[in-house]
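Me: I'd like a close look at one part of this protein, and I'm new to reading structures. Could you walk me through it step by step?

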Amino acid sequence: MAIELVPLPLPASADASKFTDFGREVRGVDPGSLSPELFEQVKDALYKHDALLFRDVRLTPEQQYALTKAFDPESESYGHGNNKTESTKKSILHPDLKTIPRVPQVQLIGNGTVYNHEGLAEAMLKHPSHTTFHKTRVTPEDEAKGITRFYRWHIDAALYDLSPPKVTTLYGIHIPKGSHQICRYDDGTGDELEVPLGTTAFVSGKTMFDILPKELKSLAVRSKVRYAPHPYVWMAPAHAMPTGLGIESEGLELPLSELPHWEEERRKVLPVVWKNPVTGNLHFQVHPCGAAELIVDPLPAGATREGALYPDGAHITELKEVRGLLYKMQRPAIAPNFVYPHDWRENDLVLFHNRGVLHSVVGAFTKEQVRAFHQCNLAASDDPTGPTEEQVKAYA
């Protein structure tokens with residue numbers, strides 16, 4: 001038996017030529033009880049298409065955990081460490097996550113107050129809002145008219161000690177109804193995007209790499225990112241850019257001496273581009289908010305130096321320069337025509353390749369609009385693989 005794959009419906013804003021391989025709806029199978037044969041087909045489809053949608057799903061937390069773990073059987077703990085984010089009050093993730101008591105790898109996220117939910121008598125949920133994280137904000141008057149922003153473009157990962165999860169599963173249990181909103185970039189470009197209320201926005205890391213000019217492709221394949229220790233605590237006092245794509249350089253990050261105990265060897269140093277284990281494609285996968293340093297290898301022997309950036313290699317530690325380079329490379333791929341904003345329905349299950357896409361929470365709810373999702377991702381059993389020596393030579 002073969003699974004049925006159907007292209008996802010794209011908004012009118014999307015450049016369909018950039019979505020020929022991205023995203024599929026899977027029909028005719030129950031993701032909570034896949035046979036080994038069907039799971040292998042789903043796994044293959046996820047790596048080829050980066051996001052899979054199952055409609056009208058009934059899924060227990062135990063089933064969601066089992067499905068997520070099947071992509072990496074040696075993984076066990078929640079991607080940020082079980083209960084770690086809730087116990088670290090200074091972390092910017094602290095208000096967003098509530099752990100399902102009997103399955104601590106599954107988090108309850110959403111908005112409003114949820115009662116008697118999977119062992120939680122009462123859970124007060126807060127939809128992340130750009131108003132508390134960005135340096136500037138949409139005016140209350142514009143917000144009342146449905147103007148909003150991307151909250152934070154990111155990869156699901158602790159970025160310290162633990163390896164980035166391979167897959168995230170998002171299960172929409174209760175979806176409030178409401179009008180579409182206009183997501184404004186507010187970066188001087190005039191870019192804006194019509195989005196469903198409370199959408200999750202996705203962009204392809206493959207597209208992010210593919211559309212780069214030659215000199216930036218060369219820089220990307222030769223570079224690694226060193227992330228700050230405990231990055232979500234480190235960045236908590238800082239403010240994000242209006243696109244949600246990184247942090248403003250204002251010197252507000254928490255000093256390293258004031259962070260919870262950390263060890264240098266546990267800091268994550270990861271390639272800028274990650275190799276897809278099935279297709280071999282390169283995906284630009286950087287969490288711009290947590291990046292602290294860039295380590296650039298010199299050009300390989302025989303590569304032309306004309307137009308090359310940092311041809312002799314570099315270790316860039318000045319935050320403003322690190323962020324400027326990453327923004328220059330990542331901003332083109334979040335343009336409206338490259339964004340897939342998922343229009344959630346109740347009982348939608350979305351699986352996405354966390355090592356192949358970036359995503360962002362979008363929009364704003366009123367306190368009365370109750371939204372409940374289950375999220376699961378697991379710290380991986382290994383780190384992502386960067387480009388091969390041959391790929392570096394090809395792009396450098």
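Which strands each supply at least two residues of the lining of the largest cavity?

Reply: Happy to help! Keep in mind that this is a predicted model. The strands you are asking about are β5 (106-117), β20 (357-361) and β21 (371-377). Of these, β21 gives the most to the lining, with four residues.

Now for the cavity itself. The largest cavity holds about 430 Å³ of space. Its lining is made up of 26 residues, and the closest to the centre are Ile 109, Pro 128, His 154, Val 361 and Gln 375. You can find three of these on the strands just named: the range of β5 takes in Ile 109, that of β20 takes in Val 361, and that of β21 takes in Gln 375. Sorted by class, the lining has twelve nonpolar, nine polar and five charged residues.

It helps to set this beside the other cavities. The count comes to four cavities of 30 Å³ or more. The second largest has about 50 Å³ of space. Its lining consists of Met 241, Leu 245, Gly 246, Ile 247, Pro 288, Arg 323, Leu 326, Tyr 327 and Gln 330. By class, that gives six nonpolar, two polar and one charged.

The charged residue in that list, Arg 323, is worth following a little further. Side chains of opposite charge can pair when their charged atoms come close. Arg 323 forms a salt bridge with Glu 253, and the closest N and O atoms are 2.9 Å apart. This pair links distant parts of the chain, 70 residues apart: Arg 323 belongs to helix α8 (residues 319-330), while Glu 253 sits in the loop between α7 (231-234) and β13 (269-271). Are the two partners buried or exposed? Arg 323 counts as buried because its relative accessibility is 8%, and Glu 253 counts as buried because its value is 12%. The cut-off behind both statements is that buried means under 20% relative accessible area.

For contrast, look at another salt bridge, where the side chains of Asp 312 and Arg 305 meet at 3.1 Å, N to O. Here Asp 312 counts as exposed at 57% relative accessibility, and Arg 305 is partly exposed at 48%. Both pairs come from a structure in which a full search finds 27 salt bridges.

So your path through the model can start at the strands β5, β20 and β21 around the largest cavity, move to the lining of the second largest one, and end at the salt bridge between Arg 323 and Glu 253.

How values were computed
Residues numbered from 1 in each chain as written. Predicted model: local features only at pLDDT ≥ 70, side-chain atom pairs only at ≥ 80, totals over all residues. Heavy atoms only, no water. 1 Å grid on protein atoms, 1.4 Å probe; cavity = no way out; pocket = protein on both sides within 12 Å on 5 of 7 lines; lining within 4 Å. Points joined across faces, edges and corners; volume = space filled by probe spheres on them. Nonpolar A, V, L, I, M, F, W, Y, C, P; charged D, E, K, R; others polar. Salt bridge = Lys/Arg side-chain N within 4 Å of Asp/Glu carboxyl O. Buried < 20%, exposed > 50% of the residue type's maximum accessible area, 1.4 Å probe, protein only.
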